[in-house]
Amino acid sequence: MRNTIFSLAGISIFLGMLIFSCQPNVSIETAQYAVNGQKLYTTHCQSCHGSKGEGLGMLYPPLTDTTYLQQNREKLACIVKNGMTGPVEIGGKTFEGDMPGNPQLTNVDIAYILTYITTTFGNSTETYTQEDVKSSLENCL
Amino acid sequence: MKLNLKTYLSAFALSATFFACSGTSEKKLPIIGERETEERIVDGKTMVDTIYHQIPAFTFINQDSVEITDKNFDNKVYVANFFFTHCPSICPTMQRNLLKVYEKYKGDERVAFLSHSIDFKYDSPSVLKSYAQKLGVTNEQWQFVTGNKKDIYGIADKYLVYTKEDENAPGGYDHQSYLVLVDPQKRIRGAYDGTNDEQVAQLFDDLTILLKEQ
């Protein structure tokens, strides 16, 4: 009897741990944005920046510098849409060269892509919303 | 217990069959391209030779403004491809994958790499040099070459890779992302889509097979 109680308690603790560990730390909306963003990332970004955001040598910077992503969060939409001219310091290394823009992408596309990048390669748990994209694009340099 | 001759014989026959099988199953790569036959008379008998498609002699300028010819690849297995430095579409993936092969064989003198730029207007030796350094190529095993339009596009045909100047293509040039495996006799032994992970894995396998052949 006592053994049964112990094992029951053990099983319920184990189950509880399983359930909590499975709970996502992002909202359903964020997860949906990231899934849509992954497809667009594959098409528009992956060739240079890599499937894991690892970049390529000193040619194309990685997208895994969480500090850069945080500090430049409001500039990210401008970079995706209009491209960028180096030099830029990422992860302690200076990258030179130009990134072409993607003017054909809509605001919602950019929101999907940036949600994917900032939550998958960065440590953000927030959606990069269409409003974020809109306000970012209004303040591009 | 008495083991008779029959037992020994059958054991021998079995193992012989086994070894014969493993011997013949060793894989050989095909020789790709059109082939012709040539007849010649030896000791009054007519012999037929097969003439395989080969990469012809070439001369290009590399990232150090040094002339690179087919002689640089004599007695080597090499992988050739076509790209351009500001290619926005398939090239980065293709070069990322070829870099993995380069890193595996770095320092192995039996293997070389040859990237041809199809952007003869922009990709001067100094642009290629900077590109090679940033990609992480640090020795002469991987050459980046440029040349005049006729020579580069002409040699692409010989590697059976499609290349074309096309203002509608991303970056202004249209080309295929094949990594072409060439043996020491300058014959094409394989072509792998440099943007397809499975085919790149096949290149790794086939390169090992081709090196065993030498």
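At what angle do the axes of helix α2 and helix α6 of chain A cross, and within what distance do they come? I started with that pair, keeping in mind that this is a predicted model.

**Entry 1: the helix pair.** I looked up α2(A), residues 28–44, and α6(A), residues 107–120; their axes cross at roughly 100 degrees and come within 7 Å. Angles of 65 to 115 degrees count as roughly perpendicular, so I put α2(A) and α6(A) down as roughly perpendicular to each other. Next I went for the residues that make the contact. On the α2(A) side I noted T30(A), Y33(A), A34(A), N36(A), G37(A), Q38(A), L40(A) and Y41(A). From α6(A) I have a longish list, including D109(A), Y112(A), I113(A), Y116(A) and I117(A). Sorted by class, this helix contact has nine nonpolar, seven polar and one charged residues.

**Entry 2: chain A as a whole.** I then stepped back to the fold. Chain A has seven helices and four strands, and along the sequence they run α-α-α-α-α-β-β-β-β-α-α. Of the 141 residues in chain A, 30% are buried. I also checked sequence separation: taking contacts in chain A between residues at least 6 apart, 60% join residues at least 24 apart.

**Entry 3: where A meets B.** How many residues does each chain bring to the contact? I got nine from chain A and nine from chain B. On the chain B side, α2 (91–105) and α3 (125–135) each supply at least two residues. α2(B) gives the most there, with three residues. By class, I noted four nonpolar, three polar and two charged residues for the side of chain B that touches chain A.

Note on methods: Residues numbered from 1 in each chain as written. Chains lettered and ligands numbered in written order. Predicted model: local features only at pLDDT ≥ 70, side-chain atom pairs only at ≥ 80, totals over all residues. Contact = placed C-beta atoms within 7 Å. Nonpolar A, V, L, I, M, F, W, Y, C, P; charged D, E, K, R; others polar. Buried ≥ 20, exposed ≤ 12 C-beta atoms within 10 Å, placed from the backbone. Axes fitted to C-alpha atoms, helices over the stretch in contact; angles between N-to-C directions. Parallel < 35°, antiparallel > 145°, perpendicular 65-115°, else oblique.
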